[in-house]
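Here are a few short exercises to work through with the model open beside you. Try each task before you read its solution.

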Amino acid sequence: MGTGLKYAYYPGCVSQHMTKETNETTRKVAAKLGIELHDMPKASCCGAGLLTDYDYPLYLAINARIFAEAEAMGMDILTICSTCLMVMSTANRDLKADPKLLAETNEVLAKSGLKYSGKVNVKQLLWVLAADYGLENLKKQVVKPLSWLKAAPFYGCHSLRPSDALGFDDPEKPWSLDAAIEALGAEPVQYRGKTKCCGFQVDIVAEKTAEKMTGKRLLEGKERGANCFVTPCPFCHINLDNYQGLAEKALDTKIGMPVFHFSQLVGLALGMTPQELGLSRHLVSPEKIIR
Amino acid sequence: MKIQFRIRRYNPNDRNAPEPYYQAYTVEVALGMTVLEALLKISEEQDSTLSFRKSCRSAICGSCAMTVNGFSRLACNLQVLPEFQKMGGMTIEPLANHRAVKDLVVDMTPFWNKMEKVNPFLMPTEKTASNAVSAEDEELIDQSQKCIMCACCNAECNALEIDERFVAPAALAKAWRFVGDVREGHGVKRLERLSEEHGMWDCVRCVHCTQYCPKGVAPLKQIERLRSAAMKAGILDNPGAKHVEAMAESVEKFGRLDEAAMTFKTLGFLKSLGKIPLGIRMELHGKMPHPYIVPQIEGIEEVREIYREAAAREKEKKKE
């Protein structure tokens, strides 16, 4: 079934390796829903915020090169990484707002024969389903309503802030992930940490801060009765799932919380099997909450 | 319109109720009324024991910062009706990440201590004192000069929530105010201190500080500028700078992030060994990133050309 929706697909580095289960699941989900994902073979890493620290003009030019590729494809970018979303959107905001900056950046790109004219928008899978595709339409595709799941939505900072660059959800009262969880038949759990940070950026720089932060978020959701977490961001997933054991050690408590990528929750409701979703790759097994 | 305010009360000297509790007040709210005006109305008409700080009523003094519906705001700068309509309620609490002294008043001592630590004043040398400040020079530190010390950013800071020793965004934005000033004479020394543990590299980039600053200081942007300045000054022997360097190298080499190399280059050989037990568990689930098999993107030459060009421009700028 064609929806007419097509995007330049930017999975982000980490979902091509460490969290490739969400990349593979996203491709299958998009195919099922009739959303065309077109690969960007030339796209580089966005810098994940670190290139912003390294050198701001370089960061802008590297991102403008990514936008130029999407612009040549005539499509907006769809990513499945919130950090890529934030990093690209921030560069895009700055370039679109300041013609002088865009011109200077294009001078750097010109050496490689490239040009960005400021026409691309950057979106993430969650937004595309919540707005472009529509949650009512998504609901119609659900074959297995996830009625037994009490899912703690973990938006992650970079899906919500800075809101003047992202321009989609409300940072104080976000709705997209909550509404998507409901559309899939599960119950969204409300807890304080849902709009907060997982700590990923300091995983290897200030690991104790990261571990305690991850643990705190998970415990907040658990205390409110969540039996799983859902996040649209692979970095959040790495902290909440891969490093949950470290968080348990740091806080000296057992958490045992399964964590889904948002794409996997959609896939599950669309009737995909645990194998198709790559659930065996998770460090905290979601087996006990799969039906 | 009548609106109910749920306010966190706390008075450790009240023998009957020494623990925090929430008290409800109903206020007749007129169009355009601010949260501070509503609090003043409660204090004048209903309960004179309610404590909160305020002074200028026009977002200049920074006194009335508090938590409104879960987020840090200046009470004088936020209208009740739109906030109520959006959030569906009105809960007022003291600033987060700070100890409440009474009701909505918090102890600001840690905030001032952090500020003091970064020496919030210009320290020129004889040579730098007379450097002329151009309009472009001023633009670089313009945002950081707008700080009114309200502590909204520190109250929102997710890193400070976990690590109370973290220098935190307000003091970092202030530090850039002076590091970025062309008349400053001890910028490198400052950057060295800021690169220490609990310093600028411990920021988790949650973007809350920039989102909730009521004056557009954009503390995260100033933190990024400090980090760039430190790296350009050659202050590289710390995990934060090494992490960024590893990323910059990886993108130039492959066009991608090399996850394994990032850990190795940031922590060094010995500390990386400490990651082996987790590494084995990750390997069993197919999650372990393998070093040096990262495929290059198409057109990597374009990326390298961008690096060369950006470096050439940077050099050119330095000459000026």
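**Exercise 1: an unusual backbone angle**

Met149(B) sits in the loop that runs between α4 (135–142) and α5 (152–156) of chain B. Keep in mind that this is a predicted model.

Task: Find the sign of phi at Met149(B), and decide whether Met149(B) is buried or partly exposed.

Solution. Start with the backbone: Met149(B) is not a glycine, yet its phi is positive, at about 55 degrees. That's worth a look because most residues other than glycine have a negative phi. Next, count neighbours: 17 other C-beta atoms lie within 10 Å of Met149(B). Being buried takes 20 or more, and being exposed takes 12 or fewer. So Met149(B) comes out as partly exposed.

**Exercise 2: another positive phi**

Task: Locate Ala218(B) in chain B, then work out whether Ala218(B) is buried or exposed.

Solution. Look in the loop between α9 and α10 of chain B, and you'll find Ala218(B) there. Its phi is positive too, about 50 degrees, although Ala218(B) isn't a glycine. Now the count: Ala218(B) has 22 C-beta neighbours inside 10 Å, so it counts as buried.

**Exercise 3: a cis bond in chain A**

Task: Which kind of peptide bond leads from Arg161(A) to Pro162(A)?

Solution. First find Pro162(A), in the loop between β5 (150–153) and α7 (163–166) of chain A. Then check omega for the bond from Arg161(A): omega is near 0 degrees, and the bond is cis. Most peptide bonds are trans.

**Exercise 4: the overall build of chain A**

Task: What radius of gyration does chain A have, and how does that fit a compact globule?

Solution. Take the 291 residues of chain A: a compact globule of that length would have a radius of gyration near 19 Å. Chain A has 19 Å, so the two agree. For the burial side of the picture, 60% of the residues of chain A count as buried. As for its make-up, chain A holds 13 helices and 8 strands.

**Exercise 5: where the chains meet**

Task: How many residues of each chain take part in the contact between chain A and chain B, and which element of chain B gives the largest share?

Solution. Count both sides: 55 residues of chain B are in contact with 52 residues of chain A. On the chain B side, α14(B) gives the largest share, with 9 residues. Sort that side by type and you get 24 nonpolar, 15 polar and 16 charged residues.

Note on methods: Residues are numbered from 1 along each chain as its sequence is written. Chains are lettered from A and ligands numbered from 1 in the order in which they are written. This is a predicted model: local features need pLDDT of at least 70, side-chain atom pairs count only at pLDDT 80 or more; totals for chains, interfaces and linings use all residues. Helices (H or I, at least four residues) and strands (E, at least two) are DSSP runs, numbered from the N terminus. The radius of gyration is taken over C-alpha atoms; the globule rule is 2.2 Å times the number of residues to the power 0.38. Two residues are in contact if their C-beta atoms, placed from the backbone, lie within 7 Å. Ala, Val, Leu, Ile, Met, Phe, Trp, Tyr, Cys and Pro count as nonpolar, Asp, Glu, Lys and Arg as charged, and the others, Gly among them, as polar.
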